[in-house]
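Trainee: Could you take me through a close look at one helix in this model? I would like to see how it sits among its neighbours, and what else there is to look at around it.

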Amino acid sequence: MIRLIAADMDGTLLNSRQELPKELFPLIDSLAARGVYFAAASGRQYYNLRHIFEPVKDKMFFVAENGGVVFHQGKNIYVSAIDPVFLPEVVDCVRGLGAAPFLCGLQASYSESEEAVLTDNAKMYYYNYQVLDNVLKAQDTICKIAVFDYTDAEKNVFHQLRDRFGDVLEVSLSGQHWVDLSMPGTNKGTAIKRIQEQFGIGFDETMLFGDYLNDYEMMKVGHYSYAMANAHPELKAICNYETLSNDDNGVIEAIRQVCPEAFDTIE
């Protein structure tokens, strides 16, 4: 029996028009009534996710900041805070690479520029968002450093950041323009394991969906690991299953196959 379903957002639950499946909120209600937990597992900020899922926010988990924080029913049940000693060196390095640093905290996310391209991207992922003259002035518990590359993060900054900081920080590619840095062991997989441990959920009771390399560790903590048809090849290689693309409702269709009873009351 499935007891936990966790899905990434961008490229997974959200289609290319940034829309959620129309069946999703009724499905979360139906799953909750059957004792099945649903989790949104994303690089996005908790407040952004909570706003998106407002109608069902008290019936699910939010694994935000790529596993840096977990919230359940409005309470923070897990946080992996970055040691402040690392912040100045990483921020200086990011500036030197011509990229833009974002510090992601429990209260808000912080950047140093009001450039339209940065603001537009930030508003996609961060609901509570502030612009400071220096992000290092943020008075907050920082759980992730997000790096925005203006063209191609994998080609331009990912390998340089990993080579320089990979021994002391987790460095993950989370999108075409984004690289995330966090404390070692901080990832969606670790966060999902915390939920499994706290709520007594087993490996064979867990269903997972993702499309990019920041979902890599998450795919290892449940038997029902699904890569989207549009997923990165390296993610597909470690998943046990593949489903349709995000534009073809792949998450919903896979859940329909494994948990058909959850759809009895919504169709």
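Mentor: Happily! The buried residues of helix H5 are Ala153, Val157, Phe158, Leu161 and Phe165. Viewed down the axis of H5, these buried residues fall within an arc of 105 degrees, so they line one face of the helix. The general background is simple: an α-helix has 3.6 residues a turn, so residues three or four places apart point the same way. On the other side of H5 you will find Lys155 and Asp163, which are exposed. Keep in mind as you look that this is a predicted model.

What lies over the buried residues? The cover on the buried residues of H5 includes helix H3 (87-96) and three strands, S9 (142-148), S10 (170-173) and S11 (178-182).

Now look at the ends of the helix. At the N-terminal end, aspartate 152 caps H5, with a side-chain oxygen 3.1 Å from the backbone nitrogen of glutamate 154. From end to end, H5 (residues 153-165) spans only 16 Å between its end C-alpha atoms, whereas a straight helix of 13 residues would span 18 Å at 1.5 Å a residue.

Strand S11, which helps to cover the buried residues of H5, also leads us to the largest pocket. This pocket holds about 440 Å³ of space. It is lined by 22 residues, and Asp10, Tyr125, Ser174, Gly175 and Trp178 are the closest to its centre. Helix H4 (116-125) and S11 are the elements that give two or more residues to that lining. The largest share, three residues, comes from H4.

Strand S9, another part of the cover over H5, spans residues 142-148, and Cys143 is one of the residues lining the largest cavity. A search of the whole structure finds one cavity of 30 Å³ or more, and the largest cavity has a volume of about 40 Å³. Among its other lining residues are Gln45, Tyr46, Tyr47, Glu65, Val69 and Phe71. Helix H2 (46-52) and strand S4 (69-72) are the elements that give two or more residues to this lining.

One last stop is phenylalanine 263, in the segment after helix H8 (250-258). Phenylalanine 263 counts as buried because its relative accessibility is 3%. Leaving out residues up to four places away in sequence, phenylalanine 263 touches Leu27, Ile252, Ile255 and Arg256. Leucine 27 is 236 residues away along the chain, yet its C-alpha atom and that of phenylalanine 263 are separated by 6.8 Å.

Note on methods
Residues numbered from 1 in each chain as written. Predicted model: local features only at pLDDT ≥ 70, side-chain atom pairs only at ≥ 80, totals over all residues. Heavy atoms only, no water. Helix = DSSP H or I, 4+ residues; strand = E, 2+ residues; numbered from the N terminus. Expected span 1.5 Å × (residues − 1). Buried < 20%, exposed > 50% of the residue type's maximum accessible area, 1.4 Å probe, protein only. Arc of directions from axis to C-beta. Contact = heavy atoms within 4.5 Å. Polar contact = N/O pair within 3.5 Å; in protein donor to acceptor, adjacent residues only side chain to side chain. 1 Å grid on protein atoms, 1.4 Å probe; cavity = no way out; pocket = protein on both sides within 12 Å on 5 of 7 lines; lining within 4 Å. Points joined across faces, edges and corners; volume = space filled by probe spheres on them.
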